[in-house]
Amino acid sequence: MSGSLMPAARGYSDYLRSAAGRPALLGLAGAVVTTLGSFGAGAIRVHDTTLEATHLSWLRFGHGLVLSSVLFWTGIALLVIAWIRLGRAALAGRLEARDVAGTVALWIAPLLVAVPLYSRDAYSYLAQGALLRDGFDPYVDGPVVNPNGLLDDVSGIWTTTTAPYGPLFILIARGITTVLGDNVLGGVIALRVVMLPGIALSVWGVAKLARHFGAKPAVSLWLAVLNPLVIVHLVGGVHNEALMVGLMVAGIALVLDGRHWFGVAVIVTAVAVKGTAAIALPFVVWIWFHHRRAAKPQESAAKAFGTALAASVGIFVALFAAFSLIAGVGLGWTTALAGSIKIINYITLPTAIAQLFAFAAAPFTDLHLAPILIVTRALGIAALAIALVVLWWRFRQDERRNVMGILLGLLAVCVLSPASLPWYYTWPLAVAGAFTWSRRTLAIIAGLSVWLMVVFMPTGSIGLYSLWNVALAVALGALAGWSLLRPDPLGMRPRLGLAPAV
C-alpha cells in the first residue's frame, strides 16, 4: 500500500471506531445480510451446481426461500437506514468526503460474491462475450446460436437478441470468458471486479465535479455513489453502467479541468462501453468552446466552436474505430438498441401512457396494448430527439448550464425512451452530484431512489404490477425521504427508550 493510502486507511479505521462510523458499520451488516439472502432470493442460476455442491440448494425452495427472502429484505432495510443516517450527517457537515468514499468500498465488498440481484443481465454479458470468443459476431447473432454452459442462465427474451453494448465492453466480456471459460460463478465475480474501476472513477469524478461547482463533496458522494440504488443495482446487479457512468463523469471532470483531449477520450471510452454516455459529448463541446474563448478572446466564436467540434468528432471517430477494429466488429450495436422494446414497464412515459390508454379503453374496445405502444413509443422517440436538441441549445451559456444540460439529457432518455429500468436512473444521478440541492429536493431524490430499488424483485422479475409490492415500495420510499428531513419520523425511539435520532 502506498504512503498516501496508509494514512487514509488509518483515518477511515478511526472513523469506523467512532460513534460517527456506526451507520457505516450498520450498512456493512446490511450488505453482508443482503449477500447471504441472495443465495436463495437473488437471480440464481437455473442449475446452480455451487449451491448443490455446498448442500445449500434448499435455500431456493419452500422455507429456505422464505428465510433467504427475509435475510435479503432485512439487509436492504439496514442499507437504506444506514444511508439515510449518513445523509443527515453529511448535510450537517459531520461527514467528510473521504469517509463516504471509504464507506462505498466497505459496502461493496460483500456484494462482490453475491448472486446477481434484480437482474439476470450478467449471464447475458458472459454469453455475448462467449459469442465473440467462439467466432460469432454478437451484433449479428444472439446467444442462442452458441450453445454452451452459459446459455441456460440467460433470460429467455434475450437469448435471440443481439448485443446492444459498445465494442469495448464486448471485448471485456470476451476476455473474461476466454480466461474462465464457461465458469458462470467465476465470470460473474470477474465482471464485478472489472467494473470496480468505474465505481472508483465515479467517486473521483463526482467529488471533483462537486468541488468545481461549489457543492459539498460529502453530500454529492452520498447522493450519487453511496446511494443504495447504485450500490445494490450496479454492483449487486452486475450492470455495465458501473463502468460507463464512472468513465463519463470522470471525462466531464477532466474537460472542466481544461484537459479537453483526454476528457473527451475518456467519455468516448464510456460510449464504447454503453452508448448512453454519448449524450454528454455535444455538451462538452460547449465547455471546450467556452474555455477556448476565454484563452483566446481574439478568436472568433465560429472558429472556436468549429475547433472544439472538429477535435471532439476526430477523437470519437479515431478511438471508436480503434475499439471496433480490435474487437473485429462493426456498428451493429446501434441497431441492437431496438431490442429494448421487449421491456415493458411504466417507469418510462411512453409505456405508462400506452398502458393507461389501454386500461381506459378496455371496457369499450378490443384494442390491445401492442398497437398503442407502437404509437406512444414513436412519439416518445420524436419527443426525445427534440428535447435533446433543445437542451443542447438552451443550456449552452456556461459550464454550469452545460453540465446541467447533460443531467437533463440523461434524465430525458430515462423518461422518454421506449423502455427503462431502475438502474438507468443512475445515469443522471451521477451528474446530479455536481450541484447543490435543497434538503427537500434531496429527500425527494432519496425517496425515488429507494422506490426504484425495491419495486423490482431480487430475482429480476418486475414487481410494478403487484399492488401490494408497489404500495410497500411507495411507503418505504416516502419514509426514507421523510427520514432525511426529520429523524425518527414515526416517533419510535422514545417508545423504545432510545436516545433521540440525529
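User: In which loop does Trp58 lie?
Analyst: The model is predicted, so local features need pLDDT of at least 70 and side-chain atom pairs count only at pLDDT 80 or more, while totals for chains, interfaces and linings use all residues. Residues are numbered from 1 along each chain as its sequence is written, and side-chain values use heavy atoms, with hydrogens and water left out. With helices (DSSP runs of H or I, at least four residues) numbered from the N terminus, Trp58 belongs to the loop between helix 3 (49–53) and helix 4 (62–91).

User: Is Trp58 buried, partly exposed or exposed?
Analyst: Buried means under 20% relative accessible area and exposed over 50%, with partly exposed in between (1.4 Å probe, protein chains only). The relative accessibility of Trp58 is 45%, and therefore this loop residue counts as partly exposed.

User: In which helix does Leu16 lie, and is Leu16 buried or exposed?
Analyst: Leu16 is part of helix 1, which covers residues 5–17. Its relative accessible area is 17%, so Leu16 is buried.

User: Which residues does Leu16 touch, not counting residues up to four places away in sequence?
Analyst: Along the chain, Leu16 and Gly102 are 86 residues apart, yet their C-alpha atoms are separated by 9.7 Å. Once residues up to four places away in sequence are set aside, the contacts of Leu16 (heavy atoms within 4.5 Å) are with Gly21, Ala24, Leu25 and Leu106.

User: To how many salt bridges does the count come?
Analyst: The rule asks for a side-chain nitrogen of Lys or Arg within 4 Å of a carboxyl oxygen of Asp or Glu. One of the pairs is formed by Arg133 and Asp134, whose side chains meet at 2.9 Å, N to O. With relative accessible areas of 25% for Arg133 and 35% for Asp134, both residues of this pair are partly exposed. By this rule the count of salt bridges comes to eight.

User: How many residues apart in sequence are the parts that the pair of Asp153 and Arg45 ties together?
Analyst: Asp153 forms a salt bridge with Arg45, and their closest N and O atoms are 3.2 Å apart. Because Asp153 sits in the loop between helix 6 (121–133) and helix 7 (167–180), whereas Arg45 sits in the loop between helix 2 (22–41) and helix 3, the pair ties together parts whose separation in sequence, in residues, is 108.

User: What is the relative accessibility of Arg45, and is Arg45 buried or exposed?
Analyst: Its partner Asp153 is buried, with a relative accessible area of 2%. For Arg45 the relative accessibility is 15%, so Arg45 also counts as buried.

User: What is the distance between the closest N and O atoms in the salt bridge of Arg292 with Glu299?
Analyst: Glu299 is found in the loop between helix 13 (280–295) and helix 14 (301–327), and its relative accessible area of 8% makes it buried. Leaving out residues up to four places away in sequence, Glu299 touches Arg292, Arg293 and Ala304. Arg292 and Glu299 are both buried, and in their salt bridge the closest N and O atoms are separated by 2.8 Å.

User: Which residues do salt bridges that share partners join into one network?
Analyst: The pair of Arg292 and Glu299 is a salt bridge. Salt bridges that share partners also build one network, and its residues are Arg45, Arg120 and Asp153.

User: What is the angle between the planes of Phe213 and Phe435?
Analyst: Rings of Phe, Tyr and Trp (its six-membered ring) pair if their centres lie within 6.5 Å, with planes under 30 degrees apart counted as stacked, over 60 as edge-to-face and the rest as tilted. By this rule there are 21 aromatic pairs. Phe213 and Phe435 form a tilted pair, 5.4 Å centre to centre, with an angle between the planes of 35 degrees.

User: Where do Phe213 and Phe435 lie, and how many residues apart are the parts they tie together?
Analyst: Phe213 is buried at 10% relative accessibility, and Phe435 is buried with a relative accessible area of 5%. Since Phe213 lies in the loop between helix 8 (184–212) and helix 9 (217–224), and Phe435 in the loop between helix 19 (426–432) and helix 20 (439–454), the pair ties together parts whose separation in sequence, in residues, is 222.

User: Is the aromatic pair of Phe316 and Phe320 stacked, tilted or edge-to-face?
Analyst: Phe316 and Phe320 are four residues apart in helix 14, so about one helical turn separates them. Phe316 is partly exposed at 28% relative accessibility, whereas Phe320, with a relative accessible area of 4%, is buried. Their rings are 5.2 Å apart centre to centre with 20 degrees between the planes, and the pair is stacked.

User: Which residues form one aromatic cluster with Trp286?
Analyst: Beyond single pairs, aromatic residues also group together. The cluster that holds Trp286 is completed by Phe289, Phe305, Trp392 and Trp393.

Notes:
Helix = DSSP H or I, 4+ residues; strand = E, 2+ residues; numbered from the N terminus.
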